[in-house]
Amino acid sequence: MLRPDNQRGSTPYRAADAAVPVSPVITLDGVAKRFQSTAALSNISVTIPPGQFVAIIGRSGAGKTTLLHCLSHTTAVTEGSVRFGACDLVALQGESLRQHRARVGMIYQQFNLVKRLRVLDNVLGGRLPHLGGAAWWLALGRYFPAYDRDIALRCLDHVGLLSRAWQRTDTLSGGEQQRVAIAKVLAQEPQVILADEPVASLDLMNGALVMDTLRRIASETGLTVIATLHHVEYARRYADRVLARLS
Ligand SMILES: Nc1ncnc2c1ncn2[C@@H]1O[C@H](COP(=O)(O)OP(=O)(O)O)[C@@H](O)[C@H]1O
Ligand SMILES: [Mg+2]
């Protein structure tokens, strides 16, 4: 997990943290998902250990996004079970569902950043699930405690964009914006990172930089990263494991 440590300077992840996997074992057991007559997923069984970088590849409509939604529990499976550690997602509701969503960091093809905000303010948005009471209300006015700003700056440093913290987000290139989105997800201190086509809008060079960043996060922090990808080449080059047949 990320922890601010003013004495230690700018390393966002301490070596001791990096040795401790923070992700749960993820288990899908006989998962199927149907939308009316469409079978988006059928009979998926897989176990993903902590810290693994998993690529999901498949044609358009193969069910890649649906699988990520089943993991974030924004959609419920029709059959089978999804477990994070001992926790069966089907049982989640109310506060436990909110907590589950806070521990899953999502990265999207279109970055999902507020373009007119400064880069740092976007990253600080990742801290919102950790704030309560007055701090949460103050954060809506973009006032964040020093503790949270410190974490956000470390996350930006981790993706190589600390020097851009005060710039408007829309002045950055697409690849840089995607790395800001990754910093925002890191600031959320998730247990698992799900990335839906994270490089589909980027040219080859920027795509490779984003993939390098995701790869490094999985290797250095023990966080599980599950990414849907269009390019089989990226999957082969970066992932520990490739899931290809979803339905
Ligand atoms: N909310 C939905 N309602 C109805 N059908 C859906 C919905 N979401 C996805 N589908 C269908 O499920 C299948 C898998 O979709 P999706 O997971 O988006 O595929 P992929 O991400 O691999 O392109 C497609 O046939 C799609 O039309
Ligand atoms: Mg998709």
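Guide: In this predicted model, two strands are taken to pair if DSSP finds at least two bridges between them.

Visitor: With that in mind, which residue of strand 8 is the bridge partner of Ile 57?
Guide: Strand 3, which spans residues 53–57, and strand 8, residues 224–229, run parallel and are joined by 5 bridges. Within this pairing, the residue of strand 8 that serves as bridge partner of Ile 57 is Leu 229.

Visitor: And which residue of strand 9 is the bridge partner of Ile 56?
Guide: Strand 3 also pairs with strand 9, residues 241–243, in the parallel sense and over 3 bridges. In strand 9, the bridge partner of Ile 56 is Leu 243.

Visitor: How many of the residues of strand 3 are buried?
Guide: Phe 53, Ala 55 and Ile 57 point one way from strand 3, while Val 54 and Ile 56 point the other way, and all are buried. The strand is accordingly described as mostly covered, the count of its buried residues being 5 of 5.

Visitor: Turning to the open sheet, in what order do its 4 strands lie?
Guide: Strand 1 and strand 4 run antiparallel and are joined by 5 bridges, with Leu 28 standing opposite Val 82 in strand 4. Strand 2 (38–48) and strand 5 (87–88) are the edge strands, each of them pairing on one side only. The pairing in this open sheet is antiparallel, and the order of the strands is 2-1-4-5.

Visitor: Which residue in the turn between strand 4 and strand 5 has a positive phi?
Guide: Strand 4, residues 79–84, pairs with strand 5 in the antiparallel sense over 2 bridges, and the bridge partner of Arg 83 in strand 5 is Asp 88. The two strands form a hairpin with 2 residues between them, and the turn residue with a positive phi, of about 60 degrees, is Gly 85.

Visitor: At what angle to strand 1 does helix 2 run?
Guide: Helix 2, residues 64–72, has among its buried residues Leu 67, Leu 68 and Leu 71, and the helix is followed by His 73, whose phi is positive, near 60 degrees. Helix 2 lies across strand 1 (26–35), strand 2 and strand 4, and the angle at which it runs to strand 1 is about 120 degrees.

Visitor: Which element supplies the largest share of the shell around ligand 1?
Guide: The residues surrounding ligand 1 include Phe 35, Thr 38, Ala 40, Gly 58, Lys 64, Thr 65 and Thr 66. Strand 2 and helix 2 each supply at least two residues of this shell. The largest share, 3 residues, comes from helix 2.

Visitor: Is Pro 24 buried, partly exposed or exposed?
Guide: Pro 24 is found in the loop between helix 1 (15–18) and strand 1, and, leaving aside neighbours within four places in sequence, it is in contact with Pro 50, Phe 84, Gly 85 and Gln 191. A residue is called buried at 20 or more C-beta neighbours within 10 Å and exposed at 12 or fewer. Pro 24 has 18 such neighbours inside 10 Å and therefore counts as partly exposed.

Visitor: How far apart in space are Leu 131 and Ala 200, C-alpha to C-alpha?
Guide: Leu 131 lies in the loop between helix 4 (119–124) and helix 5 (133–140), where, its neighbours within four places in sequence aside, it is in contact with Trp 136 and Ala 139. Although the separation of Leu 131 and Ala 200 in sequence is 69 residues, their separation in space is 33 Å.

Visitor: What distance separates the end C-alpha atoms of helix 8?
Guide: Helix 8 comprises the 18 residues 204–221, so at 1.5 Å a residue it should span 26 Å. The model agrees with this expectation, since the end C-alpha atoms are separated by 25 Å.

Visitor: How wide an arc around the axis do the buried residues of helix 8 cover?
Guide: The buried residues of helix 8 are Gly 207, Val 210, Met 211, Thr 213, Leu 214, Ile 217, Ala 218 and Thr 221. They lie on the same side of helix 8, because the arc that they cover around the axis is only 150 degrees.

Visitor: Which exposed residues does the face of helix 8 turned away from its buried side carry?
Guide: At its end, helix 8 is followed by Gly 222, whose phi is positive, near 80 degrees. On the face turned away from the buried side, the exposed residues are Leu 204 and Met 205.

Notes. Residues are numbered from 1 along each chain as its sequence is written. Chains are lettered from A and ligands numbered from 1 in the order in which they are written. This is a predicted model: local features need pLDDT of at least 70, side-chain atom pairs count only at pLDDT 80 or more; totals for chains, interfaces and linings use all residues. The expected span of a helix is 1.5 Å times one less than its number of residues. The arc is that of the directions from the helix axis to the C-beta atoms. Two residues are in contact if their C-beta atoms, placed from the backbone, lie within 7 Å. Axes are lines fitted to C-alpha atoms, for helices over the stretch in contact, and angles run from 0 to 180 degrees between N-to-C directions. A residue is near a molecule or strand if its C-beta atom, placed from the backbone, lies within 6 Å of it.
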